[in-house]
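Thanks for sending this one over. Here are my notes, set out as numbered points to read alongside the model.

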Amino acid sequence: MAAARARGPAKDKATGEAKSAGARRAARAPRATKATGTRVSSKSAPEATLSPREARRQLRIDTGREQILDTAEQLFGERGYHETGLKEVAERCEFSVGSLYSFFEGKDALYQAVMRRRSIGYWEEMERLAADPAPADERLVAMARLQVEYFRKYPSWGRLTTRVLTPGAPAVGEVQSGFRESYRNAINLEAGMIVAGQREGVLRSGDPHALARMFSSLVTAFHLMDPAVSDDPADFDVEEFLTFIAQTFVVPSEDRG
């Protein structure tokens with residue numbers, strides 16, 4: 001076992017995670033790939049279709065991976081990265097530590113996968129809302145609501161994300177640099193909404209990127225107080241917070257040209 005671990009399992013080039021034996025066999029077959037990196041069957045390559053036996057095996061692999069991610073997300077959220085060990089994750093999943101290495105090459109890779117899994121859906125929801133034809137002032141307030149509700153839907157992930165976004169938080173592997181890039185993308189997305197709102201005359205004037213950073217900081221500040229997410233909650237209602245966002249960024253109707 002020690003020798004096999006030292007050599008390390010084969011890695012997925014896109015994610016850096018360890019591949020299972022089933023995933024390595026599937027990787028050698030022709031396949032089409034979605035933009036999100038999810039493998040789909042190719043109509044032009046029927047040989048890529050899994051047999052019923054292989055499909056059942058792949059389902060077990062996928063189910064095991066999701067169980068590991070769910071458990072790790074909860075433990076990392078409760079205790080933090082440094083206080084959580086692979087042994088604890090394995091015990092709660094009722095797996096051996098060695099079996100975890102057939103899915104992930106180590107704790108850092110597992111942590112990155114935990115953070116990335118929810119981030120994909122979060123970003124897709126933000127893009128969908130940004131592209132909505134509704135007035136920009138409504139979309140900006142809706143963006144704050146979306147972010148609050150997404151963190152509440154996945155509170156363990158929300159706690160992890162809030163810790164990463166908190167100034168001065170210690171970096172964990174490649175997560176910090178990845179979140180800095182995601183943060184810049186989110187600011188650009190929100191700045192675009194603010195530009196649209198300024199043109200419509202419904203959002204306050206000012207540098208759009210500066211206002212987007214202020215908007216993002218306010219939402220993060222709410223996460224830090226939200227009883228559903230925070231380690232140090234405060235009594236501040238969601239609707240009260242959204243009213244505060246509107247009062248801060250939206251031009252009152254009587255002042256619009």
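1. I started with one helix pair. The axes of helix α7 (residues 136–153) and helix α11 (residues 238–249) come within 9 Å and cross at roughly 150°. Angles over 145 degrees count as roughly antiparallel, so α7 is roughly antiparallel to α11. The crossing of these two helices, α7 and α11, is right-handed.

2. Next, who makes the contact? On the α7 side the residues are L140, V141, A144, R145, V148 and R152. From α11 come V238, E239, F241, L242, I245, A246 and F249. Sorted by class, the α7–α11 contact holds 10 nonpolar and 3 charged residues, with no polar ones. Among the residues in this contact are R145 and R152 of α7 and E239 of α11, if you would like to find them in the viewer.

3. Please keep in mind that this is a predicted model. Everything in this note is computed from that predicted model.

4. Stepping back to the whole protein chain, the secondary structure amounts to 11 helices and 2 strands. Reading from the N terminus, the order is α-α-β-β-α-α-α-α-α-α-α-α-α. In that order, two helices precede the two strands, and helices follow from there to the end of the list.

5. How much of the chain is buried? Of its 257 residues, 40% count as buried. The accessible surface of the protein chain is about 14400 Å², and carbon and sulfur atoms account for 52% of that area.

6. Lastly, a word on contacts along the sequence. Taking contacts in the protein chain between residues at least 6 apart in sequence, 63% join residues at least 24 apart.

Notes
Residues are numbered from 1 along each chain as its sequence is written. This is a predicted model: local features need pLDDT of at least 70, side-chain atom pairs count only at pLDDT 80 or more; totals for chains, interfaces and linings use all residues. Side-chain values use heavy atoms; hydrogens and water are left out. Helices (H or I, at least four residues) and strands (E, at least two) are DSSP runs, numbered from the N terminus. Buried means under 20% relative accessible area, exposed over 50%, partly exposed in between (1.4 Å probe, protein chains only). Contact means heavy atoms within 4.5 Å. Accessible areas come from the Shrake-Rupley method with a 1.4 Å probe; for residues, only the protein chains shown count as cover. Axes are lines fitted to C-alpha atoms, for helices over the stretch in contact, and angles run from 0 to 180 degrees between N-to-C directions. Angles under 35 degrees count as roughly parallel, over 145 as roughly antiparallel, 65 to 115 as roughly perpendicular and the rest as oblique. A crossing is left-handed if the near helix is turned anticlockwise from the far one by less than a right angle, and right-handed if clockwise. Ala, Val, Leu, Ile, Met, Phe, Trp, Tyr, Cys and Pro count as nonpolar, Asp, Glu, Lys and Arg as charged, and the others, Gly among them, as polar.
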